[in-house]
Amino acid sequence: MATVEYKGKSFEVDEDGFLQKFEDWTLEWVDYVKDSEGIKELTPEHNKVIEFLQDYYKKNGIAPMVRILSKVTGFKLKHIYELFPSGPGKGACKMAGLPKPTGCV
């Protein structure tokens with residue numbers, strides 16, 4: 001298990017850089033992922049995706065399928081990739097503090 005140090009906080013991550021524990025999610029984690037993903041500034045659209053992913057995960061224990069993410073947020077997949085260049089699974093789920101998705105998110 002690896003540890004990421006960022007702005008005075010320590011985060012335990014898996015081999016792919018996802019948080020080990022959802023409960024460890026903080027705004028510093030968001031900044032860390034944002035910087036590592038090359039996202040200059042978070043918009044309300046970013047926050048809408050992050051909040052939906054977290055709510056879905058809290059209720060279901062898994063990340064939603066891409067079509068559910070797209071339908072609920074109203075964002076086409078192309079736009080989600082514009083918001084999160086590494087994609088809904090690697091970028092958005094990582095930023096939201098979810099574990100690495102096993103399916104196609």
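Guide: Welcome! Rings of Phe, Tyr and Trp (its six-membered ring) pair if their centres lie within 6.5 Å; planes under 30 degrees apart count as stacked, over 60 as edge-to-face and the rest as tilted. By that rule, ring pairs link Y6, F11, W29 and Y32 into a cluster. Please keep in mind that this is a predicted model, where local features need pLDDT of at least 70 and side-chain atom pairs count only at pLDDT 80 or more, while totals for chains, interfaces and linings use all residues. Residues are numbered from 1 along each chain as its sequence is written, and side-chain values use heavy atoms, with hydrogens and water left out.

Visitor: How many aromatic pairs does a search of the whole structure find?

Guide: The search finds five. One of them joins Y6 and Y32.

Visitor: What makes the pair of Y6 and Y32 edge-to-face?

Guide: The ring centres are 5.5 Å apart, which satisfies the distance limit, and the planes stand at 65°, so the angle falls in the edge-to-face class. Y6 belongs to strand 1 (residues 2-6) and Y32 to helix 1 (residues 27-37), so this pair ties together parts 26 residues apart in sequence. Helices here (H or I, at least four residues) and strands (E, at least two) are DSSP runs, numbered from the N terminus.

Visitor: And why is the pair of W29 and Y32 called tilted instead?

Guide: Their planes meet at 40°, with the centres 5.3 Å apart, so the pair is tilted. W29 and Y32 are three residues apart in helix 1, which means that about one helical turn separates them.

Visitor: Which of Y6, W29 and Y32 are buried, and how do you know?

Guide: The class comes from relative accessible area: buried means under 20%, exposed over 50%, and partly exposed in between (1.4 Å probe, protein chains only). Y6 has 15%, so Y6 is buried, and W29, at 0%, is buried too. Y32 has 24% and therefore counts as partly exposed.

Visitor: What makes you say that a charge sits over the ring of F75?

Guide: The test asks for NZ of Lys or CZ of Arg within 6 Å of the ring centre and within 35 degrees of the ring normal. The charged end of K48 sits over the F75 ring, 5.2 Å from its centre. K94 has its charged end over the ring of F18, again 5.2 Å from the centre.

Visitor: Why are helix 1 and helix 5 called roughly antiparallel?

Guide: Axes are lines fitted to C-alpha atoms, for helices over the stretch in contact, and angles run from 0 to 180 degrees between N-to-C directions. Under 35 degrees counts as roughly parallel, over 145 as roughly antiparallel, 65 to 115 as roughly perpendicular and the rest as oblique. The axes of helix 1 and helix 5 (residues 87-96) come within 8 Å and cross at roughly 160°. That angle makes helix 1 roughly antiparallel to helix 5.

Visitor: Which residues meet where helix 1 and helix 5 come together?

Guide: W29, V30, V33, K34 and E37 of helix 1 meet G91, K94 and M95 of helix 5, where contact means heavy atoms within 4.5 Å.

Visitor: Is K34 buried or exposed, and how do you know?

Guide: K34, a residue of helix 1, is at 13% relative accessibility, so K34 counts as buried. Leaving aside neighbours within four places in sequence, K34 is in contact with I39, K40, L42 and M95.

Visitor: How is helix 2 placed against helix 5, and what makes you say so?

Guide: The axes of helix 2 (residues 44-60) and helix 5 come within 9 Å and cross at roughly 70°. That value makes the two helices roughly perpendicular. V49, I50, L53 and Q54 of helix 2 make the contact with A92, C93, M95 and A96 of helix 5.

Visitor: What is notable about the phi of K7?

Guide: Most residues other than glycine have a negative phi. For K7, phi is near 50°, a positive value in a residue other than glycine. K7 lies in the loop between strand 1 and strand 2, and with a relative accessible area of 57%, K7 is exposed.

Visitor: And how do you class Q20 and S36?

Guide: Q20 is at 37% relative accessibility, so Q20 is partly exposed; Q20 sits in the loop between strand 2 (9-13) and helix 1. S36, in helix 1, has a relative accessible area of 47% and is therefore partly exposed.
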